[in-house]
Amino acid sequence: MIDFAEMRRAMVDAQVRANDVTDLKIVAAMLETPRERFVPAGLRNFAYIDDDLLVKEGAPARYLMEPMVLAKLLQAAEIGEGDLVLDVGASSGYSTAVLAKLAGQVVALEEDADLADRGAGVLTDLGLLNAAYVKGPLTAGWPGEAPYDVILLNGSVDEAPQKLLAQLKPGGRLVAVVGRGRAGRATVFTNTAGGIGGRVVFDAAVPTLPGFEAAPGFVF
């Protein structure tokens, strides 16, 4: 019988705490959230690996970001207990479940209906009543609930997404990995009085979030 609770604790100790995640609220949220519930049944034994985890095959394939990257992005976002958060590319809902333990309300945006339905069911089973799925194109965000205190992008983007930045409150933060592969940089964008400012917080390589690829440049 697999002891998922022990695997979860090992993940937090070896992947999260060991990589400078010192926010005890994030540590507690990840210890309490059963990641195995958000992956296909055949992959539950791998739910706590130190890597991105495939949750749906196809074109595009969809992943859960590796736990360390997610935890460090959440720490960089400085989420308050009353914050309204938009989780872009929520996939099967793991990031949303963790966010629900940190924030006041979470809007989980997903364009894949199967993933959204699956994730919504798990959130209900776990009693996370402050998080809800909405379905729509990821690149459009969800202006109906904007503005947001925090926006999380579950995957890398080629450039800062202007439509999503426009949905931030004054002082709001968008966290994302910008760039692909070894060029990826986890970045916090903040809506300040002088405009949008960005700062790189760590290097990261995660799968690209569908729809956020830069348009190919003109070639003679």
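Helices (H or I, at least four residues) and strands (E, at least two) are DSSP runs, numbered from the N terminus. You're working with a predicted model, in which local features need pLDDT of at least 70, side-chain atom pairs count only at pLDDT 80 or more, and totals for chains, interfaces and linings use all residues. Residues are numbered from 1 along each chain as its sequence is written, and side-chain values use heavy atoms, with hydrogens and water left out.

**Exercise 1. Find where Pro60, Pro147 and Asp20 sit, and say what marks the backbone there.**

Step 1. Start with Pro60, in the loop between strand E1 (53-56) and E2. The peptide bond leading into Pro60 from Ala59 is cis, with omega near 5°.

Step 2. Move on to Pro147, in the loop between strand E5 (131-135) and strand E6 (148-157). Ala146 and Pro147 are joined by a cis peptide bond, and omega is about 5°.

Step 3. Now look at the loop between H1 and H2, where you'll find Asp20. Asp20 isn't a glycine, yet its phi is positive, near 65°.

**Exercise 2. Describe how H1 packs against H3.**

Step 1. Two packed helices are described by the angle between their axes and the distance between the axes. Axes are lines fitted to C-alpha atoms, for helices over the stretch in contact, and angles run from 0 to 180 degrees between N-to-C directions.

Step 2. For helix H1 (residues 4-16) and helix H3 (residues 67-77), the axes come within 9 Å and cross at roughly 70°. That makes H1 roughly perpendicular to H3 (the label covers 65 to 115 degrees; under 35 is roughly parallel, over 145 roughly antiparallel, and the rest oblique).

Step 3. The crossing of H1 and H3 is right-handed (the near helix is turned clockwise from the far one by less than a right angle; anticlockwise would be left-handed).

Step 4. Met11, Gln15 and Val16 of H1 make the contact with Pro67, Met68 and Ala71 of H3, where contact means heavy atoms within 4.5 Å.

Step 5. Sort the H1 and H3 contact residues by class: five nonpolar, one polar and no charged. Here Ala, Val, Leu, Ile, Met, Phe, Trp, Tyr, Cys and Pro count as nonpolar, Asp, Glu, Lys and Arg as charged, and the others, Gly among them, as polar.

**Exercise 3. Do the job again for H1 and H2.**

Step 1. H1 and helix H2 (residues 24-32) have axes 8 Å apart, at an angle of about 145°. Their crossing is right-handed.

Step 2. On the H1 side, the contact uses Arg8, Arg9, Met11, Val12 and Val16, and on the H2 side Val27, Met30, Leu31 and Glu32.

Step 3. The class count for H1 with H2 is six nonpolar, no polar and three charged residues.

**Exercise 4. Work out the empty spaces: what are their volumes, and which residues line them?**

Step 1. Get the terms straight. On a 1 Å grid over the protein atoms alone, a cavity is a set of points where a 1.4 Å probe fits but cannot get out, and a pocket is an open set with protein on both sides within 12 Å along at least five of seven lines; lining residues have an atom within 4 Å of a point. Grid points are joined across faces, edges and corners, and a volume is the space filled by probe spheres set on the points.

Step 2. The largest pocket has a volume of about 160 Å³. Its lining includes Thr139, Glu159, Lys163 and Phe212, and splits into four nonpolar, three polar and three charged residues.

Step 3. Count the cavities of 30 Å³ or more, and you get three. The largest cavity has about 70 Å³, with Arg62, Asn154 and Leu209 among its lining residues.

Step 4. The second largest cavity holds about 50 Å³, and Leu70 and Tyr94 are among the residues lining it. Strand E2 (62-64) and helix H4 (94-100) are the elements that give two or more residues to that lining.
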